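Subject: Model handover

Hello,

Here is the model for your files. My notes follow below it.

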Amino acid sequence: MGLPVRDQLKYWGLTAAILFVLLWVLGDVLLPFVLGAAAAYSLNPVADRLEDLGASRVLATATITLTAILLFVLVALLVIPTLIHQTTLLFASAPQYAIDLGMMLTERFPALLDETSPLSQTLYSVGETIKSRGGTLLNTALSSAASLINIVTLFVIVPVVSVYLLLDWDNMIARIDELMPRDHAPIIRKLAKQIDQTLAAFIRGMGTVCLILGTYYAFALTIVGLQFGLVVGFIAGLVTFIPYLGSLIGGVLAIGLAIFQFWNGIEVTVDGVITYSTDWMRIGLVAIIFIVGQVIEGNYLTPKLVGNSVGLHPVWLLLSLSVFGTVFGFVGLLVAVPLAAAIGVIIRFAIGQYIASLLYKGNSRKSDDA
């Protein structure tokens, strides 16, 4: 005889509460293990594919590990230093951009703005604030990241955890399946499969989309000649997982920077006529790059790599990131998407059970039968 429903809800609720308390108290300690588990989960399909080709699990794990180490070394040597340099330079250039904007408005709209007006001074002060606070923010972020993800965590614990979890992933899943309550095992398996499909479509699919688009934006903007193309591409690719937001933020940032960079300022002719020299072609190319990126994402990348049945609404995703990030900090941001996917699947299952129950139908069905 199974436990009463009230007792089951009590035990499951207590288990969930304990997990949330542990996540809140031990967030910093759990961080490398969360990162390692995420890496193992993302790479597990690759290991399964190598096993299908005839490799053992050990050989598949070793191949993936060596490939990941090689890619990390290449990125660390070629990309990260340039990205940090461009970000620092972008903050340092903010005051000059503010001055250029003030000059453009002053010359083109003299009745609205002049060099001594409060708005002009405000633009300059905003630029100086961005320069000072931006550099401080960058240094703080880097120091915080260094304290949060120290050298041991980054170079030892996370790779070790991910390798061991990837090596024993199938065995762990089988062991968890054996420990599930027998009465609820079929439903739990069904829900777990739906959660896995949602996470696979979103994390692996959108992760690939973000990587492809970020690389495309960075290279294309750099080829066009945008000074901070790598930074813009990184930002646009990073937030692509939120529909339309990545292209909007990246497009506005890139076009704004292109206007400042390719607007060559004021030119005075021999007759004393003021003219403006603007490279509109490059500005247009920057806009075209993001339009092409949106076309590729909407018509090919997202349908092929993610699909249409992800089940994570952008508003739900933003809410989850905000709530879990506020409550659990950086670890909350990492677990927000998996927990949002799991909660979404459970809510849809609960709604289905409710619609099929007498609580929803009441006596209407009996009346119709009569």
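Right after α12 comes Gly329, with a positive phi near 75°. Helices here are DSSP runs of H or I with at least four residues, numbered from the N terminus.

Some ground rules. This is a predicted model, with local features needing pLDDT of at least 70, side-chain atom pairs counted only at pLDDT 80 or more, and totals for chains, interfaces and linings using all residues. Residues are numbered from 1 along each chain as its sequence is written, and side-chain values use heavy atoms, without hydrogens and water.

Helix α12
- α12 covers residues 314-328, 15 in total. From first C-alpha to last it reaches 21 Å, close to the 21 Å expected at 1.5 Å a residue (expected span: 1.5 Å times one less than the number of residues).
- Leu317, Ser320, Leu321, Phe324, Gly325 and Phe328 are buried in α12 (buried: under 20% relative accessible area; exposed: over 50%; partly exposed: in between; 1.4 Å probe, protein chains only).
- Down the axis of α12, the buried residues fall within an arc of 110°, so they line one face (the arc is taken over directions from the helix axis to the C-beta atoms).
- Val315 and Thr326 are exposed, on the face turned away from the buried side.

Helix α8 and the core
- α8 has 40 residues, which should span 58 Å at 1.5 Å a residue; its end C-alpha atoms are 56 Å apart, which agrees.
- Gly225 sits just after α8 and has a positive phi of about 110°.
- The largest nonpolar core has 46 residues (such a core is a set of buried Ala, Val, Leu, Ile, Met, Phe, Trp, Tyr and Cys joined through side-chain atoms within 4.5 Å). Leu221, Leu226, Val232, Ala254 and Phe290 have the most contacts inside it.
- α8 gives this core its largest share, 12 residues.
- Leaving out residues up to four places away in sequence, Phe290 touches several residues, including Tyr217, Leu221, Val232 and Ala254 (contact: heavy atoms within 4.5 Å).

Aromatic pairs
- The whole structure holds 3 aromatic pairs (Phe, Tyr and six-membered Trp rings with centres within 6.5 Å; planes under 30 degrees apart are stacked, over 60 edge-to-face, the rest tilted).
- Tyr41 and Trp169 have ring centres 6.1 Å apart and planes at 55°, so the pair is tilted. Tyr41 lies in α2 and Trp169 in α7, so the pair ties together parts 128 residues apart in sequence. Both Tyr41 and Trp169 are buried.
- Tyr216 and Tyr217 have centres 5.3 Å apart and planes at 50°, so this pair is also tilted.
- Ring pairs join Tyr216, Tyr217 and Phe290 into a cluster.

Best wishes

How values were computed: Helices (H or I, at least four residues) and strands (E, at least two) are DSSP runs, numbered from the N terminus.
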